[in-house]
Amino acid sequence: MLSVAVCDDEMLDCCNLAKDIREILGEAGAPFIVRQFSSGRDLINAIENFDIIFLDIMMCGMDGMETAQFLRDKSFDKILVFISASRDYVFQAYDVEAFQYLVKPVSYSKLQRVLHKAAKKLESQSQDFIIIRQDRTKKKLLLRELYYFEIRGRIISAHSAEGVFDYYEQMGTLEEELLGKDFFRCHKSFLINLKYVDSYNRQEIFLDTGERIPIAKRRYEAFCQEILQYMKKSGGCI
C-alpha cells in the first residue's frame, strides 16, 4: 500500500492537495492511504513510515526545511516533495534531497506527473538489490541501503545500514553490475552510492554517515558530472 502525507498549515491548501492526490491515486487503482498534517511537529510525531511526503515550506513553528532535515537525520529515505508559494528555497531543497519542488498553485496535471514519477522511483528502489555469497549462504542487499563498497585484495566490503558484509568479487565486475544504479567508482578501491554524498572536494568525498572516501585525481571531473546528473534527477523545480 502506498502511504502519502500532506503537511501544510494552510488548511484549505492541505485539503485541496490531499483531495487531488486521492483522486489521482484512485484512478490508478492501487491501494493507498493519504494523511493530512497541519504542522511539521505533527508530521514527525506520526508513527507511519510514509512513502511520499508533500511538505509546505513556509509554516509557522517548525518550517518545512527544518522538518525535512529532521526526517532525513532520522533516516527517512523515501520521497520528499516541497510545495511553496515562493521559488526562493529551490537550492536549499537539494540539501535534503528533495524529489521535486512544486510552486503553488499546483495544477492537477503537474501533480499527476509527479505522482507517476514518484511511484516509478519507489518501485525501482524497492526492487534493486544484489546477491552476495558468504561462506555457503547467499544474502540479498538492497542497493538503497548501501553506502559504499571497498576492496582490499580480493575481498569486497559492502558498507550498509545493516553493517559491513565481506565477500569475494572483482571491483570491475561489481562496477559493471551497478551501471545506471547511481553508484560511482571514485577510486580504484571505492565504489560509492551517490545518494549518500554530503559534500566533496578534489581529494575526498564526505558521506552523510560522516565517513570520508578518497577520490582519484583523474576521476574528479567525471564525478562532478555524475553527481550533478544525480541531483538533477533526484530533485528540481517544476
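Does glutamate 97 count as buried, partly exposed or exposed, and at what relative accessibility? At 28% relative accessibility, glutamate 97 counts as partly exposed; buried means under 20% relative accessible area, exposed over 50%, and partly exposed in between, with a 1.4 Å probe and protein chains only.

The model is predicted: local features need pLDDT of at least 70, side-chain atom pairs count only at pLDDT 80 or more, and totals for chains, interfaces and linings use all residues. Residues are numbered from 1 along each chain as its sequence is written, and side-chain values use heavy atoms, with hydrogens and water left out.

**Backbone features**

Glutamate 97 is not a glycine, yet its phi is positive. The residue belongs to the loop between helix 4 and strand 5; helices (H or I, at least four residues) and strands (E, at least two) are DSSP runs, numbered from the N terminus. Aspartate 182, also not a glycine, likewise has a positive phi. The table sets out both residues.

| Residue | Phi | Loop | Relative accessibility |
|---|---|---|---|
| Glutamate 97 | about 55 degrees | between helix 4 and strand 5 | 28%, partly exposed |
| Aspartate 182 | about 70 degrees | between helix 6 (171-177) and strand 11 (183-187) | 24%, partly exposed |

A further backbone feature is the cis peptide bond between lysine 104 and proline 105, with omega about -5 degrees. Proline 105 is situated in the loop that runs between strand 5 (100-103) and helix 5 (108-127).

**Cysteines**

The structure contains 0 disulfides, a disulfide being a pair of cysteine sulfur atoms within 2.5 Å. For cysteine 14, the nearest cysteine sulfur belongs to cysteine 15 and is 5.8 Å away. Cysteine 14 counts as buried because its relative accessibility is 1%. For cysteine 60, the nearest cysteine sulfur is that of cysteine 7, 12 Å away. Cysteine 60 has 66% relative accessibility and therefore counts as exposed.

**A charged surface patch**

Asp73, Asp95, Asp198 and Asp208 form a negative surface patch. Patches are made of residues with over 30% relative accessible area and no salt bridge, with like charges joined within 9 Å and nonpolar side chains (Val, Leu, Ile, Met, Phe, Trp, Tyr) within 5 Å. A salt bridge is a side-chain nitrogen of Lys or Arg within 4 Å of a carboxyl oxygen of Asp or Glu. One of the patch members, aspartate 95, is located in helix 4 (residues 90-95). Its relative accessibility is 62%, so aspartate 95 counts as exposed.

How values were computed. Accessible areas come from the Shrake-Rupley method with a 1.4 Å probe; for residues, only the protein chains shown count as cover. Lys and Arg count as positive and Asp and Glu as negative; His and the chain ends are not counted. The place of a charge is taken as NZ of Lys, CZ of Arg, CG of Asp or CD of Glu.
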